[in-house]
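Please take the sequence and the model together, and follow one residue outward to its chain and then to the neighbouring chain.

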Amino acid sequence: MRRGWVFTLDAAIGMCALFLFLGIVILLKQGTSFERVSSFQLLSYQARDMVDFLSTVKAKEFDDTPTIRRLLQRGVLTEEDLQEKSLLDLIGSFWYGGNHSIAANITGEVLENFTSYCFSLQTENQTIYSNCNDTGKIIAVASCLASGYEVGKPVSGYIARAWATKVTKNTTKIIPFLPEGSGWTGRRFEVTKNFTLPENITIYDAKLYVSAHLGDSQENAEFEHLTVNGVEKKDEIVWLYLQEESWRETTAVYGYANVTEELRPGNNSIYVSIKTPNYHSHLHPGMRLVVTYSLTYDLYSSNRTVKKRFYFDNVVGRTGAWATLSFYIPEGAKNVSGRLHLNLKHVDDTRVWWWDTEDIRVYVNSDEPFYRDASSTWCYFFAEGGYYCVRDFAGESDRVLDFDITSELVNGTNVVSVYVNCYGDYHWGRRNATIYSSPLRDPNSSSYVEISYTLDKPPILYGEIDITKELIFGGDAENPKQFDFNLTERESEVSESFVHIAQGFSSMIRTYAWFDNESETLVFESPAVRAVPENVYIPPSIWGVGENHVKLEDVQPGGSLSSTNYILPWSSLEYTYKVKGIVGYGEVFNSSSLAIQDAIQRLLNQTGEIGLENVKYDTKAVHGIKWLWGPSLFKVLVWERG
Amino acid sequence: MWVKGQAVTYDFFVASAIFLLAVTLLLTYWYRASLEIEEWRVKNFALEKLVSSSQVWFKEGYPKGWNESNVVELGLASEGEINQTKVNAMVKMGYGKVASLLSLGTWDLCFEVRDRKGKLLFLFPEVNYLGKKDVYHIERIAVWNGSPVVIKTVLSR
């Protein structure tokens with residue numbers, strides 16, 4: 001009992017001592033807490049002062065700091081900038097203009113002298129500048145919203161834009177002749193191409209490349225006529241390449257004639273007449289007219305819906321007629337449709353016994369015939385070394401054929417081959433089979449392919465000027481042949497591109513294109529033997545600014561490279577690029593005349609060698625261009641050094 | 001008999017020693033805690049006065065266009081900047097009235113204004129607080145005549 005009482009008294013004394021001790025500890029804790037509150041209060045005032053200071057004080061007050069002084073000397077900043085801009089405005093201008101290091105330097109040079117605390121200036125969760133690497137336990141934050149003017153620009157003044165309505169451009173037009181025939185064993189083969197050049201042009205240069213298969217030597221060439229608008233040019237051809245087949249007494253020839261004097265704006269006509277003593281005279285891939293001229297025209301906008309006709313040449317083959325027409329459908333084209341219209345004259349109607357035999361054969365992007373006028377290909381026997389299929393002649397007729405070829409079309413290069421009373425090297429006609437075409441006088445009765453399609457946007461928008469150039473491959477005749485070329489930044493917006501294939505003998509062609517070190521893209525492969533187009537469309541999306549590449553291969557039906565079918569150095573790349581003949585509002589100037597001068601100069605720089613015949617402009621006054629950057633949240637964080 | 005014998009036992013002396021030691025430690029701790037609490041109290045008061053005194057450079061006072069005869073609340077700013085007229089009025093009315101308006105008690109106040117290169121632009125009052133026992137200060141950044149300045153407010157006694 002007594003022991004228990006003593007124990008209780010001890011416990012009471014001990015508890016009192018403990019409570020006293022705990023009370024003192026709690027008081028001490030409160031003191032620490034108070035210290036923290038006081039510290040945060042001081043930091044908070046410091047952060048708020050810095051925000052107010054940055055957004056109030058003009059940058060002019062700090063024109064002696066190293067970074068601002070250097071910017072003034074270089075002309076990046078003007079005295080007006082410094083007088084008008086607050087420090088935060090200046091820092092924000094550089095930061096949001098992408099000059100982060102300048103913004104950081106200015107912040108450091110301005111704030112370092114004003115505080116001994118650690119601080120950091122941030123905007124949109126990015127640190128512009130911080131003078132300490134570590135962060136404190138207590139951080140005070142003050143913030144403000146700011147927006148500002150772009151550096152070097154007056155805050156009010158005049159802006160102007162300009163656009164050309166009429167321009168003069170130097171450009172190139174390439175008019176291809178189709179691979180086509182034929183004249184068998186000394187019989188005449190004739191081609192007439194009628195075409196139009198713009199009326200208001202000045203022709204600087206016109207070169208007619210000739211690619212044909214004819215007699216085996218100059219004496220025995222049987223090159224009868226090459227007339228341009230009635231002027232004989234046969235003897236002015238500069239022959240560049242001859243590849244003879246002596247056992248047939250025939251030659252693949254390539255040359256050119258300068259026809260600048262003979263060509264004229266408007267309608268033109270070129271006529272070719274050739275023969276060969278043996279075998280088969282015809283035109284090879286690579287025959288084309290290249291005209292460079294100056295054109296003055298009013299700028300326009302084209303339609304999204306495109307309808308085009310690709311006409312056949314007028315082909316008169318005295319041993320049947322054939323032609324390989326190539327045309328293109330651009331990448332991205334939708335709702336594509338196509339129609340093949342053939343007006344064939346003097347077609348032999350042949351028979352074997354009482355069976356009607358095939359006289360017309362049409363291919364569309366395939367090695368399987370799209371159309372045959374009869375299913376039988378019988379002959380009584382073969383004459384002339386096995387090349388000529390002997391049949392009965394049952395009469396002569398004109399045939400007008402019209403086909404919907406929509407289902408056969410592909411985006412890219414399309415090839416239509418038409419054979420009338422001939423299908424080499426198997427059957428050749430005896431009379432005057434004609435693929436009729438006279439697009440200038442009789443367009444609807446001519447032979448043509450008509451396509452239509454819709455694009456996502458018009459090929460030419462208002463203010464855009466299209467320039468076409470041709471680059472000759474050069475080098476040697478070889479197979480395969482690669483051509484490398486550079487596209488400049490100015491030529492970066494390519495809208496169309498083609499490779500013009502120049503060959504002597506040919507079989508089937510493969511065309512590859514690629515940019516820089518990217519993988520090769522096969523853009524075209526002949527669908528059938530002898531389906532070698534004069535030109536192949538290359539999607540512009542392949543090209544890029546820098547080095548680009550094209551490779552051509554002539555291959556046999558089995559896929560192996562042809563050993564004697566060369567790609568000639570006069571093959572070429574044709575590309576059309578767009579230049580904008582319009583410039584938007586530019587910098588702010590103190591007077592409207594200065595703003596207009598600037599807009600016109602920008603337009604001149606952009607259009608380069610294109611002549612601006614008629615330029616329009618407008619100007620307007622602007623004030624307080626606060627939207628140039630911001631509004632953005634700026635935060636100043638302050639904490640004690642560790 | 002048994003009470004005396006009980007009191008002089010070995011256990012009694014050990015317990016008494018422990019008790020006295022504990023009491024001594026407790027009293028020592030209590031003394032030091034009292035000093036610290038007093039120091040906190042002083043510091044609390046000083047910091048409160050320090051902050052409120054430094055704020056006079058950033059507020060307009062009452063009435064807004066006060067002068068030395070009608071001032072109720074001291075404030076030296078107008079429209080976000082230090083107002084030279086109000087600063088002149090503060091100097092004119094003297095330190096005693098300023099200390100009274102700010103309820104500084106036994107504390108002495110001093111304002112130092114320097115430009116960003118450290119050049120002294122303004123000192124009020126012209127006193128030397130070096131060597132004083134309790135000195136607290138705060139530095140604030142403000143704008144005076146369009147230029148940035150650092151205002152050091154010192155409280156001492």
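Leaving aside its neighbours within four places in sequence, which residues is L104(B) in contact with? In this predicted model, the contacts of L104(B) beyond that range are with K49(B), A99(B) and L109(B). L104(B) itself belongs to the loop between α4 (95–101) and β3 (108–115) of chain B. Its C-alpha lies 8.9 Å from that of L155(B), although the two residues are separated by 51 residues in sequence. With 19 other C-beta atoms within 10 Å, L104(B) counts as partly exposed, because a residue is called buried only if 20 or more such atoms lie within that distance.

Turning from this loop to the whole of chain B, the reader will find four helices and six strands, which follow one another from the N terminus in the order α-α-β-β-α-α-β-β-β-β. Of the 157 residues in chain B, 20% are buried, and among the contacts in this chain with a separation of 6 or more, 53% are between residues 24 or more positions apart.

The last step leads to the neighbouring chain, where 21 residues of chain B are in contact with 21 residues of chain A. On the side of chain B that touches chain A, at least two residues come from each of α2 (10–55), β5 (135–144) and β6 (147–156) of chain B, and α2(B) gives the most, with 11 residues. By character, the residues on this side of chain B divide into 14 nonpolar, four polar and three charged.

Key. Residues are numbered from 1 along each chain as its sequence is written. Chains are lettered from A and ligands numbered from 1 in the order in which they are written. This is a predicted model: local features need pLDDT of at least 70, side-chain atom pairs count only at pLDDT 80 or more; totals for chains, interfaces and linings use all residues. Two residues are in contact if their C-beta atoms, placed from the backbone, lie within 7 Å. Ala, Val, Leu, Ile, Met, Phe, Trp, Tyr, Cys and Pro count as nonpolar, Asp, Glu, Lys and Arg as charged, and the others, Gly among them, as polar. A residue is buried if 20 or more other C-beta atoms lie within 10 Å of its own, exposed if 12 or fewer, and partly exposed in between; C-beta atoms are placed from the backbone.
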